[in-house]
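Biologist: I am new to this structure and would love a close look at a single part of it. Could you pick one residue, walk me through its surroundings, and then show me how it sits within the whole?

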Amino acid sequence: MSEYQREADKYVKDKWYKNIWYHYKIPICLIGFFAFALFFFAYSSVTKEKIDLYVMYITEDPEVYTEKVNALESTLSLYTEDKTGDGEIVVFVDNIFIGDDHEDDVVYQNKERIMTALRAGSCMLILCDGEGLEYMTNAEALCDLSEEFPDTDLDGNYYTLNETSFMQKDTMVDWNNDLYISLRLYKGTVAELIPSSQVNFEHAKTTVSNVISDNVINIGDSNE
C-alpha cells in the first residue's frame, strides 16, 4: 500500500507541474521576463557611468572620426565641475547631424531628438558648426549670452571658439571647421520650473563661463 501511495503521490505531483505549465505558461513567461528586465535595469543603474555633463554637438555632417568627438569630451572635462561627486569628470558629447544632404527621415528624427532632449531639460550646453548654429538660431533654441553673463562683453546667442585657448589645448586634435558654444534657451521655458533642469543649467553655465575665460579647473584628461 505504501508503494502505491508513493506512486500516486508522484503521479499527482507530475500532473500538477504539467497542469501549471499548460494553463499558466504565458503568465509564467511574462513574470520571468519582467523579473529579468527589473534585474537588468537595477544592475545597469548601479554599474553605468555617471555623466557630469551632457553636450549636444550639432553639425551638418556626422563626425567621421570618433577622435574628434573624444577630443571635445576631453577638453570640456578640463573646465567642468564634478557634478556627481564621484571624483571623476565624465563629459558625454552627442554628435547629431542635420544637413540637407542626408536622408530626410534620418534628419527629421535627429531634429526630433534634439528638441526632445531640450524639452526634457537633460541637455543645456550646445556645441555647433555653422549649419548647426543656423538651425538652432532659427529654432530660437539658444539663450542670449549677454543676459546670462551680464558682467562680460558677450553679445548674441553664441561664442566662437575658433582661435581661442580652448582650441589650442593638447587634448584637441586638428580642427578644420568652425566651432561655436552656447546654452539652450532657459528663461521663460518649462525647464526653468524643473529642479533637476535648474541644476543642469547652472552646471552648464559654469562650464561655458570657464571655457570663455579659459579657467581650467581640472588637469589632464578626466574622461579616461
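Modeller: Happy to help; here is a walk from the whole protein to one residue, and then on to a pocket and the cysteines. Please keep in mind that this is a predicted model.

Let us begin with the overall layout. The protein has 224 residues, and 37% of them count as buried. Its secondary structure is made up of six helices and five strands. Read from the N terminus, these elements follow the order α-β-α-β-α-β-α-α-β-β-α. If you take the contacts between residues at least 6 apart in sequence, 72% of them join residues at least 24 apart. As for the outside, the accessible surface is about 14,000 Å², and carbon and sulfur atoms account for 55% of that.

Now for the close look, which centres on valine 211. You will find valine 211 in helix 6, the element that spans residues 195-212. Is valine 211 buried or exposed? Its relative accessibility is 4%, and because buried means under 20%, valine 211 counts as buried.

Which residues does valine 211 touch, once those up to four places away in sequence are set aside? They are Leu76, Tyr79, Leu161, Phe166 and Ile181. Take isoleucine 181 as an example of one of these partners. Valine 211 and isoleucine 181 are 30 residues apart in sequence, yet their C-alpha atoms are 9.1 Å apart in space.

From there, let us move to the largest pocket. It holds about 170 Å³ of space. Its lining is formed by Met115, Leu118, Arg119, Ala139, Glu140, Ala141, Arg184, Leu185, Thr189, Val190 and Ala191. By type, that lining divides into seven nonpolar residues, three charged and one polar.

Last come the cysteines. In general, a disulfide is a covalent bond between the sulfur atoms of two cysteines. A search of the whole structure finds zero disulfides here. Why is cysteine 128 in no disulfide? The nearest cysteine sulfur belongs to cysteine 123 and is 9.9 Å away, whereas a disulfide needs the two sulfur atoms within 2.5 Å, so cysteine 128 is left without one. Cysteine 128 also counts as buried, at 2% relative accessibility. Cysteine 143 is buried as well, with a relative accessible area of 3%.

To return to where the close look began: valine 211 is a buried residue of helix 6, and its contacts include Leu76 and Phe166.

Note on methods
Residues are numbered from 1 along each chain as its sequence is written. This is a predicted model: local features need pLDDT of at least 70, side-chain atom pairs count only at pLDDT 80 or more; totals for chains, interfaces and linings use all residues. Side-chain values use heavy atoms; hydrogens and water are left out. Helices (H or I, at least four residues) and strands (E, at least two) are DSSP runs, numbered from the N terminus. Buried means under 20% relative accessible area, exposed over 50%, partly exposed in between (1.4 Å probe, protein chains only). Contact means heavy atoms within 4.5 Å. Accessible areas come from the Shrake-Rupley method with a 1.4 Å probe; for residues, only the protein chains shown count as cover. On a 1 Å grid over the protein atoms alone, a cavity is a set of points where a 1.4 Å probe fits but cannot get out, and a pocket is an open set with protein on both sides within 12 Å along at least five of seven lines; lining residues have an atom within 4 Å of a point. Grid points are joined across faces, edges and corners, and a volume is the space filled by probe spheres set on the points. Ala, Val, Leu, Ile, Met, Phe, Trp, Tyr, Cys and Pro count as nonpolar, Asp, Glu, Lys and Arg as charged, and the others, Gly among them, as polar.
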